[in-house]
Structures are given as structure tokens and as C-alpha cells.
Amino acid sequence: MKTKQLIVANWKMNPRTPKEARALFQSTKRTAGHLTKVQTVVCPPAVFLGLFSPLVSRNCFLGAQDMFWEKEGAYTGKISPAQLHALNVSYVILGHSEERALGETNEDIQKKIRAAFEYRLNAILCIGEKERDHEGHYLSFLKEQIKKSLGKIPGKELGRLIIAYEPIWAIGALAKKADTPRALLEIVIFIRKVLSDMYDKSIAFQISILYGGSVNAQNAEAFLKDGGVNGLLVGRASLDTKEFTEILKITKQIK
Ligand code: PEP
């Protein structure tokens with residue numbers, strides 16, 4: 001497990017223009033530059049990656065929101081890990097629930113994770129249930145997502161794996177509410193247990209786990225302090241310069 005807290009900004013399909021995107025990136029980079037204990041990753045839409053590629057710095061990295069598993073060829077509309085690597089991109093979000101909702105399967109995600117590792121990209125595997133039922137079926141669902149997305153990838157190849165727990169009911173504009181740090185802590189323990197059973201304890205503890213879902217400047221501290229996570233995946237709040245700057249500063253204070 002890495003010692004730095006990892007804060008990932010998922011801009012989704014925002015903003016509209018390169019001018020707005022550049023201003024947002026520059027502001028994030030300015031704050032991130034002062035925070036040596038925080039690793040900030042900005043994941044803009046792919047059309048802006050080339051724009052930011054020369055601006056990557058020691059504390060502010062570039063991530064993609066998705067990619068395909070082939071390195072080149074006749075795959076209209078797709079982006080390859082080789083292309084991301086060539087653009088100074090070092091992280092890629094995979095298995096986001098918005099991609100899964102469009103038909104992406106755990107098997108597709110596994111191929112993408114393998115391809116990401118081949119190009120030394122850090123893969124942020126998103127998992128999350130639609131509902132948290134009282135019978136605990138959501139735990140079996142999460143376990144299946146982890147098992148099928150990692151499949152037979154050997155433990156020794158997981159050095160660049162990060163897991164982002166993003167309950168679907170807590171993310172995006174239709175979110176009911178954020179999770180609670182207490183419930184999150186239980187999930188984090190559960191994820192580590194699943195990884196420990198699949199691999200071993202040292203691998204389970206080497207993998208960073210992030211929380212995503214309605215994170216803002218009011219709740220970030222509690223998730224980081226009491227949720228057992230190694231960082232946050234931030235959607236809407238990463239588009240608001242003031243709010244995101246605040247989240248980064250809060251993260252810096254976490255011991
Ligand atoms: C996301 O969709 O990855 C996300 C974390 O969204 P939000 O922070 O807007 O809930």
C-alpha cells in the first residue's frame with residue numbers, strides 16, 4: 001500500500017471547451033504542486049489528454065477515463081494503452097459503473113486491466129453495488145466483480161492495481177446520499193478479505209482502495225480518517241475549483 005493519499009478527479013464528459021479544461025487543470029495543478037503528501041490524478045475526457053500531456057508534474061498526474069485492450073488496429077472510436085502511455089498518462093479508470101451500464105462486462109474489464117499493466121499504467125478498477133440490501137447480497141455482488149475482473153491475473157502483477165469502491169446509489173447527479181465512513185470501513189475490510197483469499201494477505205494490503213460517491217469538502221475528511229481508504233475518487237466536486245482545492249488541502253492534513 002502506498003503511503004501517499006491518492007485523490008483522483010473524474011471530470012467525466014466535462015467541460016465543453018479546451019479553454020475551460022486548461023483553466024481547471026492549471027488550477028488543480030497549482031494546488032497539487034504544494035502538496036507533497038498527496039498524489040493528485042486528473043482524468044479529463046480523452047480529447048484533452050494531449051493538451052495536458054506536457055503539463056504533468058511530480059504531484060499532478062494524468063489519467064484516462066477508459067481505454068480498449070488492443071494496442072492498435074481497426075477499432076473505430078477506441079483508445080489504446082499504447083496511445084495513453086505515449087501521452088504521459090499513468091492512470092486509467094476501468095469498469096466505471098457508467099461504462100458497465102453501457103454493456104461493459106467483468107471479462108472486458110479483465111482484458112483492459114491486463115493491457116494497462118503491459119503499458120505500466122496504474123489501473124483503477126471500479127466496483128460498486130446498485131443497492132445495499134439488508135440480506136447482504138451486495139457483498140456477494142462485490143466479491144464477484146472483484147473475482148471476475150481480476151480473473152487469473154497473478155498476484156505478482158498487481159503492483160499497479162487500485163480498487164475504487166463506488167456504490168452506484170451514491171454517485172453522480174442522481175445519488176441518494178454519500179456512504180457513511182463506518183459502512184465504508186466494513187466494505188474496505190471485506191474487499192481486503194476477498195483479495196486475501198484470492199491471493200494472500202500481503203497482496204491484499206499492498207493494493208490501495210479508494211472511495212467514490214458524492215465526495216465533497218464537507219465529507220472528505222471523515223472518509224479519509226475513518227473509512228479505512230487510501231484516497232478518494234471525486235466526480236462532480238472535481239469540476240468546482242474551490243471545492244476540489246479544499247478537498248486536496250483536507251487530504252494533506254490526514255495523518
Ligand atoms: C464518479 O462517478 O466516479 C463519482 C465519484 O461521482 P460523484 O463524485 O459526482 O458522485
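These notes cover a charged surface patch, a pair of strands and one helix end residue in a predicted model.

1. Basis. Residues are numbered from 1 along each chain as its sequence is written, and side-chain values use heavy atoms, with hydrogens and water left out. The model is predicted: local features need pLDDT of at least 70, side-chain atom pairs count only at pLDDT 80 or more, and totals for chains, interfaces and linings use all residues.

2. Strands β5 and β6. Strand β6 spans residues 161-165, and five of its five residues are buried (under 20% relative accessible area, 1.4 Å probe, protein chains only). Leu161, Ile163 and Tyr165 point one way from β6, while Ile162 and Ala164 point the other way. Strand β5 (residues 122-127) pairs with β6 in the parallel sense over five bridges; pairing requires that DSSP finds at least two bridges. Ile127 stands opposite Tyr165. Strands are DSSP runs of E with at least two residues, and helices are runs of H or I with at least four, numbered from the N terminus.

3. Positive patch. Lys37, Lys249, Lys252 and Lys255 gather in a patch of positive charge on the surface. Patch members have over 30% relative accessible area and no salt bridge (a side-chain nitrogen of Lys or Arg within 4 Å of a carboxyl oxygen of Asp or Glu), with like charges joined within 9 Å. The place of a Lys charge is taken as NZ. Lys249 belongs to helix α10 (residues 241-253) and is partly exposed (between the 20% and 50% limits), at 43%.

4. His34. This residue lies in helix α1 (residues 18-34). His34 is exposed (over 50%), with a relative accessible area of 64%. The C-alpha atoms of His34 and Phe141 are separated by 40 Å, and the two residues are 107 apart along the chain.

Definitions and conventions
Patch = residues over 30% accessible without salt bridge, like charges linked within 9 Å, V, L, I, M, F, W, Y side chains within 5 Å. Areas by Shrake-Rupley, 256 points an atom, 1.4 Å probe, with all protein chains shown as cover. Lys, Arg positive; Asp, Glu negative; His and termini not counted.
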